[in-house]
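The report below goes through one model, from its overall make-up to single residues.

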Amino acid sequence: MSQLPRLSMANNANQKTSVAGLADGLAGMQLNSQRFSSLGGARGGLAGAPGGRRSSTYLGRPSNMGIASAMNAPLTIAKDPRPIREKQWQANAIRNLINFLVQAGYNQPVSPKTLQAPSGKDFTSIFKFLYAQLDPCYVFVKKFEEEVPVILRGLRYPFCDQISKSHLHSVGSMHAWPSLLAMLTWMVELISCCEQMDQQGDFDEDANSQGEKVFFTYLTKAYAVFLAGDDNYDAMDDELIANFDRKNEKTVKDVEKLKLEHDVLSKEWTSLRESESPLTLAERESATLASDIEKFKQYIAHLELKKQKLEDQVKVVDEELISKESELDKQTIEKTELTQIVDAQPISPADVDRMTSEREQLVRSLEALAKKADETNKVFWEKEMAVQKKMDQLEKLVQSFNTLSYDLGFLSPESKDSEGINFELELYFNSSKADEVVSVDLQNTIKPLLLKIRSKYNANAHACEDEAIAVQENLDRLTEAHAEKCDELMALETKITKLNDQFNEEKEVYARANSAASKEAEVLEHDMQRMKLETANSLALSQQRVQKAVSEYDQLCHRFQEVKDQVEKAVLKVLEGLIGMKERVSAVCVELRDIVNADLEETKAMKVPTC
């Protein structure tokens, strides 16, 4: 085949490729416009159709509503499956609608009571606000009752036929409001869906179809270059690599994100495995808290006892105070009587001097008695403090004794050592006798039993010491026997070492002989493998040549058929062009003939001027 026909076919192929590419581009644009057209564009086309109104140019929100605008009739359903007449459903719908309006920044007052039976003005304001969320640039021009059905059909609301102008005139009526509330709820759900799609970005096509489309484009361009006689495919290879790299960026990011999550989870899993079980820690903490609770209960009981004792002491002091106050009252009365008697008696100067001297003497005696009383009170206070310290020490000793008794198990009813005697001591400081201060007789009951228990345990300790001595003697005998066995073992090990040396010498001799035989066998095996490999390579080479020849033959047949089809199409195209050209030339000739005839008629009709 000459170079010129190849170039012509390449040009035809390029023309076909360009036409096909243009068709593909238009199809892709149509598909994309159907899949990713904006809500504003869809609604604008619908709204502008009936009245010739200028459509909205809002193209910001990607959605699949463009498909709806391309349809002639909206999807309608005979009956709304939602329970729009139920009070519970209406209450939930009103609550959701109010929440959305508040979040979206609705600037009018709205409440559940208002939406139970809203006015036409409230409904109009809410509807326009919701539709502005879908198409901010849309302008209501005609009557609201006429535009709402058109807008709902543009949005492809499934139950738009159930909303008529009478519903829009009487919004708050019982028969109209449930349908309108259901429509507003649907618009809220549509807006939420569009916002989620905005966050997710454009719809992604299937990865396999994208890969096939990119590779098909690459093959188309490469084949066109090949037909043009050029063998440089670097630019197309780079474009293909860039396309796949761009499409793999998201996958790479996802993989990196999953790796990071995997590392975090692995570290957390490792830490959980290495650390102690949370259940064990909780059980230990629970046991500690339980023991603390028991200790606090014991301490609270001790404080209650101490509180009772202090309350008894306060009662005694109060009784003493009352008796002292009554005595003071008696002395005051007596003093008053004596004063009255003295005032009634006639007093001479000698009596006054005598009374003055007696008074001074009484004052001195009173001061001496006061000092003596202070010293007595001081001694009493010191004695009382000493008694209180002794009582505190006694309480600590009793508490320590009770704690040791509890640790030794004497307080348990199952204890054999206690012999039925209660070892728990209690103090009664209000008792009149010293023997009754402690609840148990220490001298005659507790002490003899403790001496008995001590002698028992001392006897057990002596028995254990005797057993330990016997065990130690047995251990010494076993140690001596072990030493003798160790000597015998060393002698046997020496003998085994000599036998191992002899065995190793003989083993080396046999190993050298075996090594020589192995080397010879390896050489023979290597030669055999080389021969097998050469034979297999020759066979594989022959098979490859056969397969290559068959493949080249198939390619030539396929290429011949393609070239034949291309030539036939080119001839048909040329013939079609010639026929079209012939028809156009014939038409031009007919037109020219008509023009010439017309000019000729005009010329004949014109009068020739005379000289």
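Among contacts in the protein between residues at least 6 apart in sequence, what percentage join residues at least 24 apart? The value is 64%, where contact means heavy atoms within 4.5 Å.

The model is predicted: local features need pLDDT of at least 70 and side-chain atom pairs count only at pLDDT 80 or more, while totals for chains, interfaces and linings use all residues. Residues are numbered from 1 along each chain as its sequence is written, and side-chain values use heavy atoms, with hydrogens and water left out.

**Overall make-up**

The protein has 13 helices and zero strands. Helices (H or I, at least four residues) and strands (E, at least two) are DSSP runs, numbered from the N terminus. Of the 611 residues in the protein, 18% are buried. Buried stands for under 20% relative accessible area, exposed for over 50%, and partly exposed for values in between (1.4 Å probe, protein chains only).

**Cores**

A nonpolar core is a set of buried Ala, Val, Leu, Ile, Met, Phe, Trp, Tyr and Cys residues joined through side-chain atoms within 4.5 Å. The largest one has 42 residues, and F123, F127, L130, Y157, M183 and L184 have the most contacts inside it. At least two residues of this core come from each of α4 (87–104), α5, α6 (144–154) and α8 (177–200). The helix that gives the most is α8, with 13 residues. A second, separate core consists of eleven residues, including V438, I446, L449 and I453.

Helix α5 covers residues 120–134. Its 15 residues should span 21 Å at 1.5 Å a residue, and the end C-alpha atoms are 21 Å apart, which agrees; the expected span is 1.5 Å times one less than the number of residues. Buried in α5 are F123, I126, F127, F129, L130, Y131 and L134. An α-helix has 3.6 residues a turn, so residues three or four places apart point the same way. Apart from neighbours within four places in sequence, L130 contacts L97, F100, L101, L184, M187, V188 and I191.

In α6, the buried residues are F144, E147, V148, P149, I151, L152 and G154.

**The α11 and α12 pair**

Two packed helices are described by the angle between their axes and the distance between the axes. Helix α11 (residues 278–344) and helix α12 (residues 349–408) pack at about 170 degrees, and their axes are 14 Å apart. Axes are lines fitted to C-alpha atoms, for helices over the stretch in contact, and angles run from 0 to 180 degrees between N-to-C directions. The pair is therefore roughly antiparallel, a term used for angles over 145 degrees.

On the α11 side the contact is made by H302, K309, Q313 and V342, and on the α12 side by M355, Q388, M391, E395 and Q399. These residues divide into three nonpolar, four polar and two charged. Ala, Val, Leu, Ile, Met, Phe, Trp, Tyr, Cys and Pro count as nonpolar, Asp, Glu, Lys and Arg as charged, and the others, Gly among them, as polar. Q313 touches Q388 and M391, not counting residues up to four places away in sequence.

**Partly exposed residues**

| Residue | Place | Relative accessible area |
|---|---|---|
| R156 | loop between α6 and α7 (165–169) | 24% |
| Q313 | helix α11 | 34% |
| Q108 | loop between α4 and α5 | 40% |

R156 follows α6. Its phi is near 60 degrees, a positive value in a residue other than glycine. Q108 and D122 are 14 residues apart along the chain, and their C-alpha atoms are separated by 8.6 Å.

Conventions:
Parallel < 35°, antiparallel > 145°, perpendicular 65-115°, else oblique.
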